[in-house]
Amino acid sequence: MKSIPLLLLAASALSACNPNCTDAAYEEVKAAVAAKLTSPSTATFPPLNQIQVTSHQSDTLCTPNFQGFVDAQNKFGATVRVDYFAATNRKGKNEAFSVSILELKPR
């Protein structure tokens with residue numbers, strides 16, 4: 001079966017990423033996503049363990065991608081849930097993350 005080795009590979013990729021790196025990247029993603037919302041100050045993000053994180057890691061870099069959601073008010077003041085997919089990248093271990101929001105859509 002090919003699915004078992006793929007699952008093991010995915011699990012090892014997720015566990016290989018430095019948690020501090022992932023936490024820092026998530027903070028950058030939250031700021032970038034909030035900036036795209038109608039009312040950024042009302043944005044409420046779930047904890048990191050409640051969203052999907054995939055890691056692309058080399059020996060020195062960790063560039064996780066995030067697929068999750070945020071609750072925020074729309075232009076009418078109603079709270080809506082917005083799904084997003086964001087990719088992170090950084091040029092060096094001590095550099096800041098750049099965030100690309102690949103998808104942002106209300107449910």
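## A charge over a ring

Let's start with a neat detail: Arg107 has its charged end sitting over the ring of Phe69, 5.8 Å from the ring's centre. Keep in mind that what you're looking at is a predicted model.

## The strands

Now for the strands. Strand 2 covers residues 65-73 and strand 3 covers residues 79-89; the two run antiparallel and are joined by 9 bridges. Together, strand 2 and strand 3 make a hairpin, with 5 residues between them. In that turn you'll find Gly77, whose phi is positive, at about 90 degrees.

Strand 3 also pairs with strand 4, which spans residues 98-106. Here, too, the strands run antiparallel, and 8 bridges join them. To get your bearings, look for Val82, which stands opposite Pro106 in strand 4.

## Aromatic pairs

How many aromatic pairs are there? The count comes to 2. Take Tyr26 and Phe66: their ring centres are 5.6 Å apart and their planes sit at 25 degrees, so this pair is stacked. Tyr26 belongs to helix 2 (residues 19-36) and Phe66 to strand 2, so the pair ties together parts that are 40 residues apart in sequence. Is Tyr26 buried or exposed? Tyr26 counts as buried, at 3% relative accessibility. Phe66 is buried as well, with a relative accessible area of 0%.

Phe45 and Tyr84 also form an aromatic pair, this one edge-to-face, with 6.3 Å from centre to centre and 70 degrees between the planes. Phe45 sits in the loop between helix 2 and strand 1 (52-54), while Tyr84 is in strand 3, so the pair ties together parts 39 residues apart in sequence. Phe45 has 19% relative accessibility and counts as buried, because the cut-off is under 20%. Tyr84 is buried too, with a relative accessible area of 2%.

## Salt bridges

Side chains of opposite charge can pair when their charged atoms come close. Searching the whole structure turns up 4 salt bridges. One of them joins the side chains of Lys30 and Glu27, at 3.0 Å from N to O. These two residues are 3 apart in helix 2, which means about one helical turn separates them. Glu27 is partly exposed, with a relative accessible area of 46%.

Back in the hairpin, Asp71 stands opposite Arg81 in strand 3, and their side chains meet in a salt bridge of 2.7 Å, N to O. That pair links distant parts of the chain, with Asp71 in strand 2 and Arg81 in strand 3, 10 residues apart. Arg81 is partly exposed, at a relative accessible area of 31%. Then there's Glu103, which forms a salt bridge with Lys105; their closest N and O atoms are 3.8 Å apart. Both ends of this bridge are partly exposed, Glu103 at 36% relative accessibility and Lys105 at 45%.

## A buried arginine without a partner

Have a look at Arg90, in the loop between strand 3 and strand 4. Arg90 is buried, yet it has no salt bridge. Which side chain of opposite charge is nearest to Arg90? That would be Glu95, 8.9 Å away. A salt bridge needs the nitrogen and oxygen within 4 Å, so Glu95 doesn't qualify as a partner for Arg90.

So what is Arg90 in contact with? Leaving aside neighbours within four places in sequence, the residues are Cys21, Leu61, Cys62, Thr63, Glu95, Ala96 and Phe97.

Key
Residues are numbered from 1 along each chain as its sequence is written. This is a predicted model: local features need pLDDT of at least 70, side-chain atom pairs count only at pLDDT 80 or more; totals for chains, interfaces and linings use all residues. Side-chain values use heavy atoms; hydrogens and water are left out. Two strands pair if DSSP finds at least two bridges between them. Helices (H or I, at least four residues) and strands (E, at least two) are DSSP runs, numbered from the N terminus. Rings of Phe, Tyr and Trp (its six-membered ring) pair if their centres lie within 6.5 Å; planes under 30 degrees apart count as stacked, over 60 as edge-to-face and the rest as tilted. Buried means under 20% relative accessible area, exposed over 50%, partly exposed in between (1.4 Å probe, protein chains only). A charge sits over a ring if NZ of Lys or CZ of Arg is within 6 Å of the ring centre and within 35 degrees of the ring normal. Lys and Arg count as positive and Asp and Glu as negative; His and the chain ends are not counted. Contact means heavy atoms within 4.5 Å.
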